[in-house]
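Let's take a walk through a protein model together, starting with its overall layout and then moving in on particular side chains. Have the picture handy as you read.

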Amino acid sequence: MANPRGLPQSKEALLKSYTTRLKDDVKSMLENFEEIVKLAKGESETQLSKITQSEQDTFEMHVRAANIVRAGESLMKLVSDIKQYLILNDFPSVNEAITQNSKLFRTKQNECDQKLMSLRDDMAADLYDLEEEYYTSIYK
């Protein structure tokens with residue numbers, strides 16, 4: 001089944017999942033970074049002691065930093081998946097490469113055929129001359 005863009009449903013779904021993954025990872029990185037900046041300002045009014053609040057904020061910063069790293073790794077995996085998708089689905093360029101190689105090999109084949117025919121003609125002429133010389137020779 002094809003859609004208006006000419007892609008099969010499975011490929012279209014895969015591209016949509018790539019888009020979703022990209023948006024989710026970037027959103028996660030942005031949200032976690034914003035929260036780290038808020039925590040670093042230290043403006044929250046709480047009932048906790050300063051030391052306890054500081055420890056809690058530090059812990060939360062570590063968790064958010066880990067979330068940013070996870071989202072970054074997920075983005076790197078997404079880039080790898082997209083590269084693989086492009087390699088596996090880039091049929092026009094593969095076809096073009098095959099066509100170019102075919103033309104190159106046909107040209108080489110024609111050159112070799114020409115050289116072989118020229119060699120054949122030269123050998124035939126030489127053999128004809130040798131045969132003629134043999135039959136006209138007085139040393140038979």
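Helices and strands here are DSSP runs, with a helix needing at least four residues and a strand at least two. Counted that way, the protein chain has 3 helices and 0 strands. Following the sequence from start to end, you meet them in the pattern α-α-α. Keep in mind that what you are looking at is a predicted model.

How far can you trust it? The chain's mean pLDDT is 84, and 89% of its residues come in at 70 or more. Among the helices, confidence is lowest in α1, with a mean of 86, and highest in helix α3 (residues 91-136), with a mean of 90. A word of caution goes with this: where pLDDT is low, the predicted coordinates should not be read in detail.

Now for the chain as a whole. It has 140 residues, and 13% of them count as buried. The accessible surface adds up to about 11900 Å², and 60% of that belongs to carbon and sulfur atoms. As for who touches whom, take the contacts between residues at least 6 apart in sequence: 71% of them join residues at least 24 apart.

Let's start with helix α1, which covers residues 9-41. Its 33 residues reach 48 Å from the first C-alpha to the last, close to the 48 Å expected at 1.5 Å a residue. Several of its residues are tucked away: Glu12, Tyr18, Asp25, Ser28, Asn32, Ile36 and Leu39 are buried. What do these buried residues pack against? Their partner is α2.

Tyr18 is a nice place to see that packing. There are 2 aromatic pairs in the model. In one of them, Tyr18 and Tyr85 meet edge-to-face, with 6.0 Å from centre to centre and 85° between the planes. Since Tyr18 lies in helix α1 and Tyr85 in helix α2, the pair ties together parts that are 67 residues apart in sequence. Tyr18 counts as buried because its relative accessibility is 10%, under the 20% cut-off. Tyr85 is buried too, with a relative accessible area of 10%. The rings of Tyr134 and Tyr135 also form a pair: their centres are 5.2 Å apart and their planes sit at 70°, so this one is edge-to-face. Is Tyr135 buried or exposed? Its relative accessibility is 54%, so Tyr135 counts as exposed, the cut-off for that being over 50%.

Next come the charged side chains. Side chains of opposite charge can pair when their charged atoms come close. Searching the whole structure turns up 6 salt bridges. In one of them, Asp25 and Arg70 meet with 3.7 Å from N to O. This pair links distant parts of the chain, as Asp25 is in helix α1 and Arg70 in helix α2, 45 residues apart. Asp25 has a relative accessible area of 5%, so it is buried, while Arg70, at 40% relative accessibility, counts as partly exposed.

Compare that with a salt bridge inside a helix. Lys38 pairs with Glu35, and their closest N and O atoms are 3.4 Å apart. Both residues lie in helix α1, 3 residues apart, which is about one turn of the helix. Lys38 counts as exposed at 54% relative accessibility, and Glu35 as partly exposed at 25%.

Further along the chain, the side chains of Asp121 and Arg120 meet in a salt bridge of 3.1 Å, N to O. Here Asp121 is partly exposed, at 42% relative accessibility, and Arg120 is exposed, at 51%. Salt bridges can also share partners, and in this model such bridges join Arg21, Lys77 and Asp81 into one network.

Let's finish with Asp81, a member of that network. You will find Asp81 in helix α2, which runs over residues 50-89. At 11% relative accessibility, Asp81 counts as buried. Which residues does Asp81 touch, leaving out those up to four places away in sequence? They are Tyr18 and Arg21. Tyr18 brings you back to the ring that pairs edge-to-face with Tyr85, and Arg21 is joined with Asp81 in the salt-bridge network.

Notes:
Residues numbered from 1 in each chain as written. Predicted model: local features only at pLDDT ≥ 70, side-chain atom pairs only at ≥ 80, totals over all residues. Heavy atoms only, no water. Buried < 20%, exposed > 50% of the residue type's maximum accessible area, 1.4 Å probe, protein only. Contact = heavy atoms within 4.5 Å. Expected span 1.5 Å × (residues − 1). Areas by Shrake-Rupley, 256 points an atom, 1.4 Å probe, with all protein chains shown as cover. Phe/Tyr/Trp six-rings, centres within 6.5 Å; stacked < 30°, edge-to-face > 60°. pLDDT = per-residue confidence, 0-100. Salt bridge = Lys/Arg side-chain N within 4 Å of Asp/Glu carboxyl O.
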